[in-house]
Amino acid sequence: MKRSKQLDQYATSVGEDVLNTIYKKASDLRGLHVLHINTTVKGGGVAEILEGLDPIVRDFDITHSRKIIQLDEDASHFTTHLLNLLQGNEPGEISAADREKFLTWLGQARLSEHEDQADIYLVHDYQLVPLAQLYPWLQPAVWFCHVDTAQPNPQAKRYMQEFLDSYQLCIFNSELSVFPEIQSQLAHVITLGIDPFRRKNASMARDHGLKLLQQCGIDTQRPLLTQVARYDRWKNPWQAIDVYRLVKQQIPTVQFAFVGAMEATDDKGAVEVLHDLQRYAEDDKDIHFLYDPAVIRDDEVNAFQRYSSVILQRSTREGFGLTTTEAMWKNQPVIGTSATGLRTQLVDGENGYIVDDTQACAERTLELLQRRDLWQQLGQNAHRYVGKHYLLPMMVLSYLDALEKVYSRSIQQSSSERSSNSDRNTAAD
Ligand code: UDP
């Protein structure tokens, strides 16, 4: 059995049994080619997940290739509207005209049967769900939903469900997001995981980390609150600023950083959110907006997550929230909300806090700033919790499980098709 050096590094943390299960599954899938289809090369959780999986599956002789379907302006508008309904449960609907326009656009040879051949097609995210129906050769196909679908607008959910029959498996990243209407054998939950050996998560000397923060304009002699996230309304950066302002009334030296490199080419609303936030911040020199991807690279994200005084994650909706996992790994008790992905990871009062209210969040933040012993204790619990539940091998295992389900079903299906063809031929003879 071929082993992966990268995976073997986890022997002491996850144990040989887990690794052997992974190797066994991987050897049954050797030679498989999976095409991943999404809307952006870099930025956000999808890119992060694939960057984690790619080198490991390469060691297993499983090929991953990528197809990026870049959204144009109208398609982006449609996508934003759909997300607000699906994730935000906002009132409204998908009009017949909008739907028709988007499906026509998506159906215009975005994929080529000749060039995009693979053994399994993995369609990422909500807006691309019609692909398997629009391109019937895309079989077997898997849909991977990354957003928070725990409380969808019913009309938006019906729109999504119309396309699900063309998929052999629907993946969600939290049990809470699974559409209850999907038959259990067609639903799969992938446990996400982070790679502690990657630059973004690897250990970093304090001096070096503080120097990077200084280079980003932070005064490292003073307390710092940070939220790392894309500039997106569902990450609720406004509340993070409100929390900072309440804390500043008690601790005037406190600073706030919002860290979100604008890399995702499908994130057209990010600039609008940034401009709105800049107005909201009213020239407060202690509020830092960091968005330039040439400045905010993996090391800087690492430094902010590791050496901020307190990490906030104020999302009102969250599919999973890898930024929280990453910060927890770096011994940070994140002050999150009850959004789906955050309450999946956070255990209130043990490895962080779950608070939705601004005032309550400010009180927790003050507590963690003033009681560093408590901050340290909860941070250690957070690190251990991620080590137990959310490291890369767990994600690799549940990803291989998904491939195995789809692959074995497609083999069964083609062998039953072969036997019914041969029955027909025999009958014709
Ligand atoms: N990220 C980053 N640079 C930034 C902000 C975020 O590399 O400036 C990464 C972050 O470390 C995480 C991912 O983008 O790995 C965001 O994933 P998450 O699941 O938190 O949210 P999503 O963007 O998918 O909604």
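These are my notes on strand β8 and the cavities of this structure.

**Basis.** I worked from a predicted model, where local features need pLDDT of at least 70, side-chain atom pairs count only at pLDDT 80 or more, and totals for chains, interfaces and linings use all residues. Residues are numbered from 1 along each chain as its sequence is written, and side-chain values use heavy atoms, without hydrogens and water.

**Strand β8.** I looked up β8, residues 255-259 (strands are DSSP E runs of at least two residues, helices H or I runs of at least four, numbered from the N terminus). I found 5 of its 5 residues buried (under 20% relative accessible area, 1.4 Å probe, protein chains only). Gln255, Ala257 and Val259 point one way, Phe256 and Phe258 the other.

**Neighbours.** I checked the pairing next (at least two DSSP bridges between two strands). β7 (residues 224-228) runs parallel to β8, with 5 bridges. Leu224 has Gln255 as its bridge partner. From β7 the chain passes through helix α10 (residues 237-250) to β8, a right-handed crossover (clockwise from first strand over helix to second, strands pointing away from the viewer). β9 (residues 287-290) is also parallel to β8, joined by 4 bridges. There Val259 stands opposite Leu290.

**Cavities.** I then looked for cavities (sets of points on a 1 Å grid over the protein atoms alone where a 1.4 Å probe fits but cannot get out). I got 2 of 30 Å³ or more (volume is the space filled by probe spheres set on the points, joined across faces, edges and corners). The largest holds about 90 Å³. The second largest holds about 40 Å³. α4 (44-59) gives the most to the lining of the largest, with 3 residues.

Note on methods. Buried means under 20% relative accessible area, exposed over 50%, partly exposed in between (1.4 Å probe, protein chains only). On a 1 Å grid over the protein atoms alone, a cavity is a set of points where a 1.4 Å probe fits but cannot get out, and a pocket is an open set with protein on both sides within 12 Å along at least five of seven lines; lining residues have an atom within 4 Å of a point.
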